[in-house]
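Work through the exercises below with the sequence and the structure side by side. Try each task before you read its solution.

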Amino acid sequence: MKELSLNILDVAENSVKAGAALTQIILDENDDSLSITIKDDGCGMSKETLKSVTDPFYTTRTTRNVGLGIPLLKLAAEQAGGTLSIVSQTEERAHGTEIKATFNKNHIDFTPLGDITSSIVTLIQGHPDTDFLFIHRINGGEVTLDTREIKAVLDGVPIDTYDVIKWVEGSIQEQYEELSGN
């Protein structure tokens, strides 16, 4: 993928398919490094699935026999001198998955983050019944969005209505502009 934001979108879609009520997307970034953590409270992965999930020819889909989201994220991290780790639990009391990828931003093969705002907005619009917590920490500053807080204020107005989605997009963009000093 040409942008890490598309990898984030793909992995977060997996969280939704796993029945997550809340998916957390946390980016920690400084001048030299970027870490991406995607954590959900979905059903989790079995030990067998966890062993195979980074294989591009493994998938739980029945429509095609390849699953490239996690393998491509792993490849992007490793090509930029980073790592990928996955922890998953399937127990009734503690279930969910956490994927963490780290990147060396100064590496020649570092894939740019890309349009993270559009990826987050796409997730919210496409899955209005799922909650998302987005945090992007950049050199001491922070961009945040929590759909649980937004839904509490909306008082029954669907979060995926046009005006709300445009507000969400504008809120994220405004926070980035404030961080950059524009």
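**Exercise 1.** Which strands does helix H5 (residues 147-154) lie across, and at about what angle does H5 run to S6?

Solution. The model is a predicted one, and every value below is computed from it. Helix H5 lies across S1, S5 and S6, and its direction makes an angle of about 50° with S6. A second helix can be described in the manner used here: H3 lies across S3 and S4, running at about 30° to S4.

**Exercise 2.** Find the order of the strands in the sheet, and then say which strands form its edges.

Solution. Begin with the order, which is S3-S4-S2-S1-S5-S6 in an open sheet of six strands with mixed pairing. The edge strands are strand S3 (84-90) and strand S6 (141-146), each of which pairs on one side only. Neighbouring strands of this sheet are turned by 5° against each other on average, with direction ignored.

Next, follow the pairings outward from S1. S1 and S5 are parallel and share eight bridges, with Leu 27 opposite His 136 in S5. S1 and S2 run antiparallel and are joined by seven bridges, and a hairpin of three residues connects S1 to S2. Within this pairing, Gln 24 has Lys 39 of S2 as its bridge partner. Lys 39 also stands opposite Glu 98 in S4, where S2 and S4 run antiparallel over eight bridges.

**Exercise 3.** Check whether the length of helix H1 (residues 4-17) agrees with its number of residues, and describe what its buried residues pack against.

Solution. First take the expected value: at 1.5 Å a residue, the 14 residues of H1 should span 20 Å, because the span is 1.5 Å times one less than the number of residues. The end C-alpha atoms of H1 are 20 Å apart, which agrees with that expectation. Then turn to the surroundings: the buried residues of H1, among them Leu 4, Ile 8 and Val 11, pack against strands S1, S2, S4 and S5 and helices H3 and H4. Just after H1, Gly 19 takes a positive phi of about 80°.

**Exercise 4.** How many aromatic pairs does a search of the whole structure find, and how are the rings arranged?

Solution. The search finds one aromatic pair. The ring centres of Phe 103 and Phe 110 are 6.1 Å apart and their planes stand at 75°, so the pair is edge-to-face, as angles over 60 degrees are counted. Finally, consider their exposure: both Phe 103 and Phe 110 are buried.

Definitions and conventions:
Residues numbered from 1 in each chain as written. Predicted model: local features only at pLDDT ≥ 70, side-chain atom pairs only at ≥ 80, totals over all residues. Heavy atoms only, no water. Helix = DSSP H or I, 4+ residues; strand = E, 2+ residues; numbered from the N terminus. Buried < 20%, exposed > 50% of the residue type's maximum accessible area, 1.4 Å probe, protein only. Contact = heavy atoms within 4.5 Å. Phe/Tyr/Trp six-rings, centres within 6.5 Å; stacked < 30°, edge-to-face > 60°. Pairing = 2+ DSSP bridges. Axes fitted to C-alpha atoms, helices over the stretch in contact; angles between N-to-C directions.
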